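Visitor: Please pick one part of this structure and take me through it closely. I want to know what touches what.

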Amino acid sequence: MIRANNNYSKLKASYLFSDIAKRVNDYQLKNPEAHIIRLGIGDVTKALAPAVIKGFHDGVDEMANDATFRGYGPEQGYAFLREKIAKNDFQDRGADISADEIFVSDGAKCDTGNFQELFAKDIKVAIPDPVYPAYLDTNVMAGRTGEYEAGRYNGIFYMECLKENQFLPKLPDERVDLIYLCFPNNPTGSTITKNQLAEWVGYAKENGSLILFDAAYESFIRDEALPKTIYEIGGAKEVAVEFRSFSKTAGFTGTRCGFTVVPKECMIFNSKGEKISLHALWSRRQSTKFNGVSYPVQKAAEAVYSKEGKVQVRQQIDYYLNNADIISKTIASIGLDYVGGKNSPYIWIDSSGRDSWEFFDLLLTKASVVCTPGAGFGRCGKDYIRISAFNSLENVTLAMERLKKALT
Ligand code: MLT
């Protein structure tokens, strides 16, 4: 008899965004005339920038000719892309990251989900609440938790992000091994200063911990004082891995490309207490389980760093940031409390005493607007909803008019 991985039975039946998509589809089937505006999952709506499309086409054209055709690429990604990333995203900001510390992948969701494979089963994992669900679910699948009780998995160290602490996790008051951080934050849209981030790096150094830093939304940062990468903090190379994505930066949600930075200084320990290079381990894992991102997609990603590409993708982010501003102002005018919406595409809204799924249903049925119920991101999200700025200006404007009508 073939037996299942029992850890999967601890998970909720479906992944948050699949669950929401099903509810929205059911509603649409029952109300075919409803014009539903989706401000739930953070999925981009603007077409790929012209420079990116040109890079993509060039890559496809090369594949059409025997002389320039490419088969299997390097698992770590083509050097032409890794070099551009290292220079533009890190070295130009004073962060000493080299091209061979970068691993190109098909996106940050896979990398943040897969990275935990490198660690022992009995490590102590610290996860914010609320949190992007993939971090938690993948640790559950790996057997690093007990059962789910009262909205929490036994065995996880939850870091509560509440209004009282400006939605920033507090340093753990006990020793933890692995720490997940995400800034600008998904789902709350909150940001972290360099000094605050330096405290986390200090904690990790003192405690022999590792930080998994998800910077998928860094391109939304417009406040130059905020760190765009954890490697702007001295000493972070020894204790932090960083995940990046072209999904939100350059509209690659359907194209798939991202990367992970694993500095060579980052060490973990085997059961004998001997040092092991995390870079070597991730490289070993990727070369066994991953065969690289397609050549045309890497050419498209490379074009993000061209002169025109930089201007065009910045304009796209500005477009979504303008939507975020419209949403924030509308929410304020309704009299609801919120955070985010600045340096972030997400607005985290206090549902003013309503349960988050009830609020979700209310907005869907009264305004045909889809949001994300905060409870889907953890127990601390139960009194919040998240609205995403990823949609057209027209749809966001219309959605906000409908929201005002439904809620005032
Ligand atoms: C979100 O809406 O939280 C994200 O877009 C989902 C994802 O990136 O997988």
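Guide: The domain bounds used here come from an automatic or database domain assignment. Keep in mind that the model is predicted. The part to look at is the meeting place of the two domains.

Start with the bounds. Domain 1 is made of two stretches, 6–47 and 309–407. Domain 2 runs from 52 to 305. Average over the C-alpha atoms of each domain, and the two centres lie 25 Å apart.

How many residues of domain 1 and domain 2 are in contact? Domain 1 brings 38 residues, and domain 2 brings 49. Together the domains bury about 3,700 Å² between them. Carbon and sulfur atoms give 58% of that area.

Now look for charges. Three salt bridges are counted between domain 1 and domain 2. Find D337 and K163. Their side chains form a salt bridge, with 3.2 Å from N to O. D337 falls in the stretch 309–407 of domain 1, while K163 falls in domain 2. Polar contacts also cross the interface: 18 residue pairs are found there, with both residues at pLDDT 80 or more.

Which elements of domain 1 supply this side? Helix α10 (307–334) and the strands β13 (338–340), β14 (346–350) and β17 (384–388) each give at least two residues. Helix α10 gives the most, with nine. Sort the touching side of domain 1 by class, and you get 17 nonpolar, ten polar and eleven charged residues.

Next, turn to the ligand. Around the ligand sit F17, I41, G42, Y132, N186, Y217, K248, Y346 and R386. Check those numbers against the domain bounds. F17, I41, G42, Y346 and R386 belong to domain 1, and Y132, N186, Y217 and K248 belong to domain 2. So both domains line the ligand, judging by the assigned bounds.

Three of these residues are worth a closer look. At G42, a polar backbone atom is 2.6 Å from an oxygen atom of the ligand. At N186, an N or O atom of the side chain is 2.8 Å from a ligand oxygen. At Y346, a polar side-chain atom lies 3.5 Å from a ligand oxygen.

Stay with N186 a moment. A cis peptide bond joins N186 to P187, with omega about 20°. P187 sits in the loop between β7 (178–182) and α6 (194–207). Another cis bond leads from D129 to P130, with omega near 5°. P130 is in the loop between β3 (125–129) and α5 (133–141). Y132, from the ligand's surroundings, comes two places after P130 in the numbering.

Why notice such bonds? Because most peptide bonds are trans, and most residues other than glycine have a negative phi. A150 goes against the phi rule: its phi is positive, near 50°. Look for A150 in the loop between β4 (148–149) and β5 (152–153).

Last, step back to the whole structure. A search finds 29 salt bridges in it. One within a helix is easy to find: K54 and D58 meet at 2.8 Å, N to O. Both lie in helix α2 (residues 50–63), four residues apart, about one turn of the helix.

Key. Predicted model: local features only at pLDDT ≥ 70, side-chain atom pairs only at ≥ 80, totals over all residues. Heavy atoms only, no water. Contact = heavy atoms within 4.5 Å. Buried area = accessible area lost by both parts, 1.4 Å probe. Salt bridge = Lys/Arg side-chain N within 4 Å of Asp/Glu carboxyl O. Polar contact = N/O pair within 3.5 Å; in protein donor to acceptor, adjacent residues only side chain to side chain. Nonpolar A, V, L, I, M, F, W, Y, C, P; charged D, E, K, R; others polar. Near = heavy atom within 4 Å.
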